[in-house]
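Biologist: I have a chain here that I'd like to walk through with you. Could you take my questions one at a time?

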Amino acid sequence: MEPLHEPVYITVAFAQYGEAGKSDRGFDLKYSREENPTVRILEGELSTLECGRDALTFNSGMAAISCLYLSQLSAGKEVVLPMEAYGTTIQLAEELGKFGVRVKLAYPSAESLVEAIDEGTSLVLVETMTNPTLKVIDVPEVVKRAGEVGARVVVDNTFSPLVFRPLEVGADAVVHSLTKYIAGHNDVLGGAVILGSLDVSGLWQWRRMLGSIIQPVEAWLVLRGMKTLEVRFERQSRSALAVAEFLSEHPKVGAVHYPGLRDDPYHETARRLFERDLYGGVVSFEHADGRAEVLRFLRSLRKIFPSPSLGGVESIASYPAQSAAKVMPPERRRLLGITNGLIRLSLGLEDTDELIEDIDRALGGDGD
Ligand SMILES: Cc1ncc(COP(=O)(O)O)c(C=O)c1O
């Protein structure tokens, strides 16, 4: 009997008579905090997606990043991060300072990261596209510099699954928040580390000790989501481009950040790095009237849900100054262009014209 869908192994334990059984990659298959066959199916799919050697999945993107830091960093080691990396990624690295880990933050450009990386650097973690201002980092340049000093490079590819494969340009591992595009339905948290040259056993031990493996039902939900990743990402990218073009012409809108726009300062880099001429479903823009009008805009939306997440089938609007960037020092926010008027949209699968109508109406301030 061969089922159409993957089986979900909802079990804590597996039979053990003396020596434990082994998973397909040779680790003990006896206890679901260590290995689980449904989780292994998901890890196989993610390895294929990123052209990796193997993968480990976790109960959130942050659990994946925690495990990665703990396996790679120790007292005296230095990690280099772009200063616009996901806030909790920076915060966690800084917290590890109490164990002697050193953190160096650089402006999110290949030039600044290359300048920051030196003989003292052990690990570089970069995101392909920054959030919320969507600066595209020339990852191959960073990989090249890290290689010169023997530092590992891990790329958080959450914003560009399918269109960019960091392992192919020499990154040592890829991180994903599966919560976003890969699962894609705003209903499950998950994270992954996909391995290039990094060794699986160190990370596997840390995951086992931290107890942060993804649960089988959640793994199955991610697997189900992945089946439509390609069609979702394409549709979301097309909607985002249409919305970005609409916003660029709107009198109440200042700067629009979207690397798919031909005149965006990051378009050329994105076009060179990303396949398929697709740039993702996230667009950011400045409401010319600032904070009070942003709040009015968010309240006026009818189709787009106000929330801090992204990458799912439902469109979402978020206000970075009040969410991800809230804890960022004001000086850094200014440098990165995260103003009080900045709004981030994540376009879902709703009708594009209806989304544009919703945005247009909310910019007019109707609907309170
Ligand atoms: C780029 C990026 N990496 C990692 C994370 C953390 O993922 P999670 O929320 O699944 O822990 C996020 C969350 O927003 C993110 O945007």
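**Walking through the model**

Modeller: Sure, and keep in mind that this is a predicted model. To start with the overall layout, the centres of domain 1 and domain 2 are 24 Å apart, taken over C-alpha atoms.

Biologist: Which residues belong to domain 1 and which to domain 2?

Modeller: The domain assignment splits the chain into two named parts. Domain 1 covers 37–226, and domain 2 covers 229–363.

Biologist: How many residues of domain 1 touch domain 2, and what classes are they?

Modeller: On the other side of the contact, domain 2 brings 34 residues, while domain 1 brings 26. Sorted by class, that side of domain 1 has 14 nonpolar, eight polar and four charged residues.

Biologist: Which residues surround the ligand, and how many of them are charged?

Modeller: The shell is made of S60, G61, M62, Y86, E127, N131, D156, T158, S177, T179, L189 and G191. Three of the shell residues are nonpolar and seven are polar, and the number that are charged is two.

Biologist: N131 is in that shell. What is the peptide bond from N131 to P132 like, cis or trans?

Modeller: As background, most peptide bonds are trans. P132 sits in the loop between β4 and α5 (139–149). Omega for the bond from N131 to P132 is near 15 degrees, and that bond is cis.

Biologist: T128 is found in the loop between β4 and α5 too. Is T128 buried or exposed?

Modeller: Leaving aside neighbours within four places in sequence, T128 is in contact with V136, I137, V139, V155, N157, F159, S160 and F164. The cut-off for the buried class is 20 or more C-beta atoms within 10 Å. T128 has 25 such neighbours, so T128 counts as buried.

Biologist: How far apart in space are T128 and A270?

Modeller: Along the sequence, 142 residues separate T128 and A270. In space, the distance from C-alpha to C-alpha is 9.2 Å.

Biologist: What about D118: where is it, and how far is it from E148?

Modeller: You'll find D118 in the loop between α4 (110–116) and β4 (121–127). D118 has 14 C-beta neighbours inside 10 Å, so it counts as partly exposed. D118 and E148 are 30 residues apart along the chain, and their C-alpha atoms are separated by 8.8 Å.

Biologist: Where is C51, and what is its phi?

Modeller: C51 is in the loop between α1 (37–50) and β1 (54–58). Most residues other than glycine have a negative phi. C51 is not a glycine, yet its phi is positive, at about 55 degrees.

Biologist: R276 also has a positive phi. Is R276 buried or exposed?

Modeller: R276 is not a glycine, and its phi is about 70 degrees. Its place is in the loop between α9 (267–273) and β9 (282–287). With 11 C-beta neighbours inside 10 Å, and 12 or fewer needed for the class, R276 therefore counts as exposed.

Biologist: Last one: at what angle do α8 and α12 cross, and which residues make the contact?

Modeller: The axes of α8 (residues 229–248) and α12 (residues 352–363) come within 10 Å and cross at roughly 35 degrees. This crossing is right-handed. By class, the contact has six nonpolar, two polar and no charged residues. Its residues are S239, A242, V243 and F246 of α8 with T352, L355, I356 and I359 of α12.

Terms used. Residues numbered from 1 in each chain as written. Predicted model: local features only at pLDDT ≥ 70, side-chain atom pairs only at ≥ 80, totals over all residues. Domains from an automatic or database assignment. Contact = placed C-beta atoms within 7 Å. Nonpolar A, V, L, I, M, F, W, Y, C, P; charged D, E, K, R; others polar. Helix = DSSP H or I, 4+ residues; strand = E, 2+ residues; numbered from the N terminus. Near = placed C-beta within 6 Å. Axes fitted to C-alpha atoms, helices over the stretch in contact; angles between N-to-C directions. Left-handed = near helix turned anticlockwise from the far one by under 90°.
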